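Hello,

Here is the structure you asked to look at. Please open it first, then read the notes below.

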Amino acid sequence: MTAKLAERPAGADLVRSGIRAQAANSSFAFVVRAAAVSVFVILVLIVVTMTREAWPAFWHSGLGFVTGTDWSPSADLYGALPFVYGTMVSSLMALVLALPVSIGIALFINEYAPRRLRAPGVYLVDLLAAIPSVVYGLWGVLVLGPFLLPYVQKVADTIGTWPVFSAVFGGPVGLKSMFLAALILTIMIVPIITSITREVFDTVPADQKAAAVALGATRWEMVRGAVFPHSRNGMVAAVLLGLGRAMGETIAVALVIGSTAQITTRIFAPADSMAAVIANTFGESSGVNRAALIGLGVVLFAMTIVVNMAGQFVARRSGRKGAGT
Amino acid sequence: MSVETPTRPAAAPLPTYDATDLVGARLSAPRRYKNRVATACVWASVILALAPLALVIVLVVKNGLDAMGVEFFTGNIPSTRSAATGMGPAIVGTLIVTAAATVMAVPLGVLAAIYLSEYGRDGKVAATVRFLAGVMTGVPSIVMGLFVYTIWVLNFGQSAFAGALALACLMLPVVIRSGEEMLRLVPDDLRNASLALGTRKSRMIRTVVVPSALPGLTSGSLLAVARAAGETAPLLFTIGAIQTFNPNLFAGTNTVLPIQIYNGALSPFEGAHTRAWGAALALIAIVLVFTFAARLVTARLSTDRHR
């Protein structure tokens, strides 16, 4: 009833139902509707204009654009698979590292922290998200990378020489590497995963938690028995949205991944990602090369959209309204 | 994080005193250790996340202050080999580009949020727009840069305005989502009371709904601005490069702090590194000012509520 009243259209205007007032009313409605539809227009424009500009490269390489493994502008070869591989592997590694930490922080803020520490906890996660990515990149390439290098070298010299492990941890070791990129990405996606999981944990009914404790559960048993089962969908959504964020992250990765288009399982070797190669080489590119880089943007756009839509879908099903910002 | 702790095999099961479990006095060893390990892991993850934050901030402040001086704010940006510290053009550029992006994205976003919360509500159009705004939030920032390059720069060339367009595209969905959330917090009673007095709906929205939601709308927009101010990728190909001041929004190439940090990090020269740290400090300061402002507005909002 109340909602109906609020939704009554222009007819509700009892005092000044003159034609001008009516016009003002309906033109306002038109303006806000147009503003809302602008989102749709922008997304369509992104797809149309970028595909058009990338067309020469798609035409040049055909399906080989996404399956080819050689990217060599000087030889007119545009196979984007090494970049797709680099994007996926660095993002997945970051996800594996970030997920436990994020869940830990979310649990800390919601369940473990003394009451006084809760607000500062939320605040610090926001602060982590507020640091611009290029600053993390700067720190990664000038400070963290050089600091980790000797330890990474040690790992490569020991574990990296064992039979099976050498495929992953083997040398030669680079200052800039897939590993460093994954580490920096981890720091950058922890805030988003934390804030979504925390929101999800917030929806667990207090009754259920109280019931678990009343049955004699320890705090951890309460978390495992009441909090986690209730939050499974939401955690999947957090993972997907975090993955989408990691895949699109550009500048920090561009600074630390090493800009080498190769497909290797060795995480200490330099690699490259789609976003990073666009950022690093677009400036000096021209012709088909430039079209190919825009084409990479189209592929990256498509991949992140799929991951994000899946995340949105799961988030909606888990009954949450917002899905991260 | 499933923490399966290696515990020693439980000896003879303890006699169970149900009630005492509540105070933890007689928990069986595996349960007690699992609980302790879980607690330790939770604390460890907080420390793991805090360490990089603290390290980054301390280093940025320490190294950044070395570059700060009068010259940092007023001088032109020197060549990459130079040890001079000028960063003025980038500071001005950041402010211009961010302001222009805000002027474009915030009004449009708030209007769209008004549509979602006051007109579309649970309709199909609104649901679609909401979904697309979510999708748009996930568009990588570099893709927004390429988009503006293809649609604007190819036709009109690089300028601060092109960069602002890209940032506005990134801000728009954030403003829409937070805006709708804030507008929805306005009680329906206020709307009904206003309508019952015979107000037109558009006027009701302008004089009742938006003013009540204003602190929330402001704080959401400020956070979007803070996020946009730190973006690098969308600006790489849209604003170009320049080492001198260019206060003109529409003409000529420009530069911003994030791009200077990026260039400094790529450069092998000490002077460029120092300038990059200085630029990082200035950028973080700008971002944090907006973030704190948003917090202040939110804090005022909540005290107003409890009054």
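**Cysteines**

B:C41 counts as partly exposed, because its relative accessibility of 23% is not under the 20% that buried requires. This is a predicted model, so treat each value here as computed from a prediction. B:C169 has a relative accessible area of 9%. That is under 20%, so B:C169 is buried.

How many disulfides does the structure hold over all chains? The count is zero. A disulfide, in general, is a covalent bond between the sulfur atoms of two cysteines.

**Chain A: two domains**

The domain assignment splits chain A into domain 1, residues 2–59, and domain 2, residues 62–317. Their C-alpha centres are 36 Å apart. The two domains do touch: 11 residues of domain 1 of chain A contact 10 residues of domain 2 of chain A.

How much area is buried between domain 1 and domain 2 of chain A? It is about 830 Å². Carbon and sulfur atoms give 83% of that area. Look at A:M50, A:A57 and A:F58 on the domain 1 side. Together they supply 56% of the area that domain 1 of chain A buries against domain 2, more than any other three residues.

Now the kinds of contact. The rule finds zero salt bridges across this interface of chain A. One residue pair is in polar contact between the two domains, with both residues at pLDDT 80 or more. On the side of domain 1 of chain A that touches domain 2, nine residues are nonpolar, one is polar and one is charged.

**Chain B: two domains**

Chain B is also divided. Its domain 1 covers 18–67, and its domain 2 covers 70–306. The C-alpha centres of these two domains of chain B lie 34 Å apart. Eight residues from domain 1 of chain B and eight residues from domain 2 of chain B make the contact.

The two domains of chain B bury about 690 Å² between them. Of this, 84% is on carbon and sulfur atoms. Which residues of domain 1 of chain B lose the most area to domain 2? They are B:V60, B:N63 and B:A67, together 67% of what that side buries.

Between the domains of chain B there are zero salt bridges by the rule. Residue pairs in polar contact, both at pLDDT 80 or more, also number zero. The side of domain 1 of chain B that touches domain 2 has five nonpolar residues, two polar and one charged.

Best wishes

Terms used: Residues numbered from 1 in each chain as written. Chains lettered and ligands numbered in written order. Predicted model: local features only at pLDDT ≥ 70, side-chain atom pairs only at ≥ 80, totals over all residues. Heavy atoms only, no water. Disulfide = S-S within 2.5 Å. Buried < 20%, exposed > 50% of the residue type's maximum accessible area, 1.4 Å probe, protein only. Domains from an automatic or database assignment. Contact = heavy atoms within 4.5 Å. Buried area = accessible area lost by both parts, 1.4 Å probe. Salt bridge = Lys/Arg side-chain N within 4 Å of Asp/Glu carboxyl O. Polar contact = N/O pair within 3.5 Å; in protein donor to acceptor, adjacent residues only side chain to side chain. Nonpolar A, V, L, I, M, F, W, Y, C, P; charged D, E, K, R; others polar.
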